[in-house]
Number of protein chains: 4
Amino acid sequence: MPETVEIGLGREARRGYHLDEVALVPSRRTRGSSVVSTAWQIDAHTFELPLVAAPSDAVVSPGSAAEIERLGGLAVLNGEGLWARYEDPTEVLARIADPAGCTTAALQQIYAQPVSPELLGRRTAELQAAGVRVAVRLSPQKTVALSPEVLKAGVDLLVIQGTVISAEHVASEHAADDALNLKTFIADLDIPVIVGGVTNYQTALHLMRTGAAGVIVGYGAHSGSTTHSALGIDVPMATAIADAAAARRAYLDETGGRYVHLIAYGDITTGGDVAKALVCGADAVMLGEALAGASGAPGGGRYWDPTASHPRVPRSALIDLGLEPEDRPSLEEVLTGPTADPSGERNLFGSLRRVMAKCGYSSVKEFQKAELIVTGLR
Amino acid sequence: MPETVEIGLGREARRGYHLDEVALVPSRRTRGSSVVSTAWQIDAHTFELPLVAAPSDAVVSPGSAAEIERLGGLAVLNGEGLWARYEDPTEVLARIADPAGCTTAALQQIYAQPVSPELLGRRTAELQAAGVRVAVRLSPQKTVALSPEVLKAGVDLLVIQGTVISAEHVASEHAADDALNLKTFIADLDIPVIVGGVTNYQTALHLMRTGAAGVIVGYGAHSGSTTHSALGIDVPMATAIADAAAARRAYLDETGGRYVHLIAYGDITTGGDVAKALVCGADAVMLGEALAGASGAPGGGRYWDPTASHPRVPRSALIDLGLEPEDRPSLEEVLTGPTADPSGERNLFGSLRRVMAKCGYSSVKEFQKAELIVTGLR
Amino acid sequence: MPETVEIGLGREARRGYHLDEVALVPSRRTRGSSVVSTAWQIDAHTFELPLVAAPSDAVVSPGSAAEIERLGGLAVLNGEGLWARYEDPTEVLARIADPAGCTTAALQQIYAQPVSPELLGRRTAELQAAGVRVAVRLSPQKTVALSPEVLKAGVDLLVIQGTVISAEHVASEHAADDALNLKTFIADLDIPVIVGGVTNYQTALHLMRTGAAGVIVGYGAHSGSTTHSALGIDVPMATAIADAAAARRAYLDETGGRYVHLIAYGDITTGGDVAKALVCGADAVMLGEALAGASGAPGGGRYWDPTASHPRVPRSALIDLGLEPEDRPSLEEVLTGPTADPSGERNLFGSLRRVMAKCGYSSVKEFQKAELIVTGLR
Amino acid sequence: MPETVEIGLGREARRGYHLDEVALVPSRRTRGSSVVSTAWQIDAHTFELPLVAAPSDAVVSPGSAAEIERLGGLAVLNGEGLWARYEDPTEVLARIADPAGCTTAALQQIYAQPVSPELLGRRTAELQAAGVRVAVRLSPQKTVALSPEVLKAGVDLLVIQGTVISAEHVASEHAADDALNLKTFIADLDIPVIVGGVTNYQTALHLMRTGAAGVIVGYGAHSGSTTHSALGIDVPMATAIADAAAARRAYLDETGGRYVHLIAYGDITTGGDVAKALVCGADAVMLGEALAGASGAPGGGRYWDPTASHPRVPRSALIDLGLEPEDRPSLEEVLTGPTADPSGERNLFGSLRRVMAKCGYSSVKEFQKAELIVTGLR
């Protein structure tokens with residue numbers, strides 16, 4: 001039974017744990033780093049790193065997608081981002097990165113430019129042509145409208161992602177005909193679909209039943225997120241991942257063996273966070289802010305996610321990561337090192353390999369069995 | 001059973017939860033924002049927003065009351081505030097808002113001016129004449145003396161409110177004759193009465209039995225409150241609201257259906273706080289500090305509540321909200337947006353509508369069933 | 001059973017609560033402030049306030065003792081402080097208060113001056129002659145040597161106090177003959193003795209059995225205390241007071257009615273802290289730092305306690321309270337008000353009277369029954 | 001049973017406690033400091049203080065080792081540190097201590113110089129010749145290669161220490177022949193071996209079974225540690241020590257009386273931390289950062305441990321302790337006082353003696369029975 005408290009008479013609530021409330025406890029034989037594998041395979045695709053780069057215009061551009069693939073990860077282009085709104089986003093990216101600062105109001109204006117399905121199709125085709133595996137993210141609201149172009153252009157994985165998603169959405173009555181039925185939509189496709197985010201067992205299980213190959217846990221909380229203050233929604237990621245892993249086990253059982261991948265998204269900025277997310281039950285992590293400071297990221301030292309430009313209720317700030325251009329590490333230093341930065345924010349997957357070794361596990365799937373401890377905050 | 005701990009041998013205490021210790025967990029189908037209603041109805045009065053503007057002179061003046069009504073909320077004029085003490089409060093409001101600063105001592109002096117029942121009656125009548133629904137707040141100590149003028153002038157709702165109130169107050173022996181008997185007082189009126197604040201189940205139930213239409217939970221803790229340090233009283237609002245909701249259920253049962261509204265007052269400054277207060281069981285929220293920074297609020301960028309000017313034991317500071325005049329949002333931006341501020345402190349009810357949709361509820365009453373989680377602090 | 005956790009396999013520890021982890025919950029009828037009494041009676045002595053001024057040279061001098069008596073409290077002169085070491089402490093007090101700062105090393109040097117029993121006797125007699133009730137504090141180590149002069153000069157209450165005290169001290173073998181046997185010592189006296197500090201049930205009970213009229217709970221933790229870092233000892237005062245109150249009940253029972261007073265000493269700086277200490281079970285509070293900022297206190301805007309000048313292991317810092325001379329309140333403002341300071345640090349006992357009224361209690365003894373809640377920190 | 005929580009459905013985790021979450025509770029008769037002994041005996045070696053100076057080049061040089069021995073402790077030279085890499089480390093130590101700052105990158109470069117077994121042997125012999133008891137630390141990876149020279153030169157204790165160690169390490173297949181078999185290695189030696197660090201019961205018990213004389217608990221977390229963020233590993237020391245003490249009891253039982261010493265290493269910077277580590281079950285403490293600020297320490301006002309110079313994943317920062325040369329205390333002031341610094345960071349073992357007296361214990365072994373309380377953080 002989950003841990004519940006009674007916050008008031010007759011009103012119960014579970015206690016949820018953030019990743020920074022848990023830590024790993026090495027408790028068996030150790031292992032050499034060189035006998036550890038961090039590989040991740042989803043559907044027919046294998047990656048050296050259990051990494052999905054988040055569909056933020058600050059992180060994934062056609063250029064950075066190729067570099068992330070080279071380093072072993074999967075990059076997801078935001079199908080409703082700047083590359084689908086502007087023929088050449090260079091100028092608006094420069095405005096956002098302007099050292100004099102860019103406001104949320106300016107961001108709202110920049111993203112007021114409509115999405116062009118034709119442009120989105122073209123981007124997809126260009127990536128395909130460049131030999132990079134292509135993953136594109138669409139919001140549930142626009143999937144019906146935008147997916148045909150993307151599919152036609154050739155996409156390897158489709159990511160259907162909102163802050164919070166459900167298997168059955170109740171739209172307004174007039175819009176009902178356009179509403180996305182995930183189950184039939186996915187059944188009709190012959191490419192793997194990743195859906196999310198989810199925050200609890202029930203929704204995770206329902207989304208697994210739509211036929212998704214992967215489910216994203218969390219909405220990508222980062223240091224500039226205000227979803228907890230604007231909406232009152234907060235996702236204690238250790239708990240959310242563990243709950244979704246329980247849903248994965250239940251679904252494995254009810255299907256006699258269909259394994260749905262969990263991708264943890266939120267509150268992951270260090271190698272230690274990556275390790276803890278995997279030990280809680282994730283198969284891979286989706287990283288946004290953690291990659292945005294790299295010189296190879298298109299954000300120019302800033303990070304923002306799709307909620308930052310919402311026209312009425314923006315739910316995260318545009319963050320300045322505080323790095324001078326000459327201090328920005330390469331994507332390679334951030335992902336696989338080596339590094340001379342002891343903060344834990346670089347060589348994320350070199351760190352992962354090392355902690356897997358210290359805990360005595362040789363694959364990510366085995367590493368999910370490592371021991372956790374709940375600690376007071378440092 | 002509520003969660004109790006033994007703080008010392010033979011001494012038990014419950015664990016109470018602040019709103020910032022809980023968060024919402026979307027856990028069912030989602031819903032479009034357009035099919036969500038935030039309406040609130042108490043007695044014969046319907047409001048678009050479940051909002052009561054607090055009886056602070058920094059928030060409610062005859063002018064701002066009209067604007068708050070227009071935007072869908074209910075404003076409560078402090079019947080013992082500046083508008084009942086000064087023929088024209090403009091000058092004293094300017095002194096309080098003086099950029100050079102205003103001290104608690106000056107505030108005490110300003111509020112040393114006696115309340116004029118005649119003036120109070122006149123304010124009430126003016127609002128009535130302007131077509132604004134009129135709610136006036138009186139302290140329990142002065143209700144007997146001041147209510148006749150207010151009632152005569154025509155008031156729509158009467159709010160009887162102290163920091164802490166009880167159904168049965170023991171006054172000094174000499175003053176006993178003037179003591180307010182809430183039960184007979186309310187029974188004699190033909191307008192709805194809202195009373196408070198309460199902090200626990202028992203007092204909430206007793207106040208419901210006085211015939212009140214609504215009960216205020218909490219004493220309006222805000223960023224300048226010092227009640228917890230001056231008096232040792234602190235109200236963990238998530239717990240207090242949930243307890244009062246249990247009292248509401250008990251009273252519903254014992255009366256065979258009389259529904260008393262709960263108005264949460266304290267520690268509510270963001271859209272997320274509004275949502276969490278409602279999910280804990282409130283029917284509406286009373287907002288003070290959250291509205292005081294608006295250009296339409298009379299406080300001129302400062303906030304103070306009635307305890308700030310107490311002549312002997314002031315229990316909150318006069319706060320400067322830190323906004324330059326040109327940066328103050330309109331009351332409309334604060335209440336219903338849109339906004340370009342991602343802090344969660346603006347478009348409070350647009351945020352509410354959105355989170356209700358993400359949690360899959362279409363009315364405030366249903367939204368009280370949403371799932372809560374207790375989280376470590378961010 | 002107290003709440004225990006297992007910090008490691010086979011190693012249990014209780015959870016203790018600091019005063020700032022608990023709060024009061026008004027939960028019954030309210031009461032007018034004017035029908036509340038804060039009086040305290042110990043042995044034949046009655047005080048308007050349940051206040052003992054701590055034996056710190058920063059707080060109690062012959063002059064401030066008279067003022068504290070006038071305001072309703074009991075002041076304790078440190079029998080091993082400056083007034084017993086220097087014919088005229090004016091100059092050394094000025095050095096400590098020097099705006100250029102005074103170091104712990106200088107404090108150690110100032111207190112290296114030996115205590116003069118003759119001088120101590122003289123101070124006692126002078127206070128006696130001035131009509132002020134005289135209480136003198138001696139350390140357990142020096143009680144045998146110094147008490148004769150104090151008793152001869154005429155003392156009303158004797159306070160035997162160390163950081164931690166026990167009913168049975170094991171001295172070095174050579175010193176054994178001089179060791180204080182509290183039980184026989186107290187039995188031989190005809191004035192009330194207050195002893196402390198204690199931190200737990202067992203020691204409190206043992207000290208009660210020595211015949212003490214009062215027991216001090218805690219060692220006076222204040223904002224400059226480093227006992228928790230230097231010694232690893234920390235006293236969660238809510239728990240310590242409640243435990244000592246349980247010892248008081250046990251001792252009442254075993255003696256068929258002898259009531260020993262509990263004086264809470266530590267972490268009490270606001271009116272709310274005073275109230276919470278009493279509700280946890282104390283009969284009075286001992287205040288040091290809370291009074292030191294007053295213009296009438298001899299410390300000149302600084303606070304230090306006897307542990308600050310320890311020659312080898314100083315266990316608290318000499319604190320500058322940060323008040324310009326013109327901003328220092330009078331002792332009267334600090335104790336009984338009125339005040340224009342909303343911090344809760346002034347009008348401590350006016351605040352107490354008010355919260356007793358709001359909680360519906362008319363005497364301190366009854367107030368010990370008020371309801372407590374454990375809250376997350378603000 | 002240890003305290004466990006369910007962080008997610010089907011996923012349990014223990015609650016672990018840091019040293020700063022616990023405190024000592026004096027609860028019996030007190031005792032004079034002069035009748036207290038802090039002595040520690042391991043194998044044939046007796047020390048006045050239960051102190052092991054950590055094998056950090058910032059703390060232990062041949063010179064400081066002699067001074068630490070004189071003051072009553074045991075110093076451990078890092079067998080893979082600067083003294084084994086440079087004929088004369090003076091110049092590189094000066095570069096690290098350069099007031100203009102030294103980077104992690106520079107540290108990585110300095111430590112890229114290979115270890116010379118011959119030089120290491122020479123250092124060992126020199127210390128031996130100077131009459132200082134010699135303890136040398138080797139990493140598990142290099143013990144096979146480096147121990148012959150050290151043993152030949154004459155070492156009193158051998159310390160085999162990595163961040164995390166296990167009794168059975170799985171190296172890469174090719175390296176298998178060189179892998180250290182701790183059990184046979186220790187059995188072949190006729191000097192005591194100390195191994196670590198461990199973080200839990202099981203590993204502690206396994207290491208005890210290798211025949212080690214002492215086991216180090218923890219990896220030396222200090223204010224610059226980033227192991228928790230880089231690797232996700234964090235060791236709540238109160239819990240880890242208590243668990244290892246349970247392993248010691250189990251091993252005592254299974255061997256019919258073989259007592260393995262526990263040396264606590266991490267989060268210990270004050271006298272209070274020393275006391276708490278011992279009460280949790282340690283026999284001695286290993287101190288690094290706590291000693292590095294002393295004028296007698298070779299680090300020149302900085303602290304770094306072996307993980308700070310890791311070539312790919314540095315896991316702690318090079319810390320500037322912020323002390324001007326003239327403000328640095330002597331090692332004697334830090335260890336045995338007296339001091340005029342009230343922070344608790346000096347006279348660490350004078351503080352220990354004092355708290356043992358206040359808690360009424362006369363030896364470290366007895367002191368392990370003292371009472372602990374879990375408190376909210378200050």
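A contact, in this talk, means heavy atoms within 4.5 Å of each other.

Hi everyone, a little background before we start. This is a predicted model, where local features need pLDDT of at least 70 and side-chain atom pairs count only at pLDDT 80 or more, while totals for chains, interfaces and linings use all residues. Residues are numbered from 1 along each chain as its sequence is written, chains are lettered from A and ligands numbered from 1 in the order in which they are written, and side-chain values use heavy atoms, leaving out hydrogens and water.

Let's begin with chain A. Among its contacts with a separation of 6 or more, 67% are between residues 24 or more positions apart. Chain A holds 14 helices and 16 strands; these are DSSP runs, H or I of at least four residues for helices and E of at least two for strands, numbered from the N terminus.

How many of the 378 residues count as buried? The share is 65%, where buried means under 20% relative accessible area with a 1.4 Å probe, protein chains only. Along the principal axes, the C-alpha atoms fill a box of roughly 55 × 50 × 45 Å.

Now for the copies. Laying chain B on chain A takes a turn of 90° and a shift of 0.0 Å along the axis, with an RMSD of 0.0 Å. That is the relation of a four-fold axis. The superposition is by least squares on C-alpha atoms of residues with pLDDT of at least 70 in both copies.

And how do they meet? Only 2% of the interface residues of chain B are also interface residues in chain A, so the copies meet through different surfaces. Thanks for listening!

Technical notes. Buried < 20%, exposed > 50% of the residue type's maximum accessible area, 1.4 Å probe, protein only.
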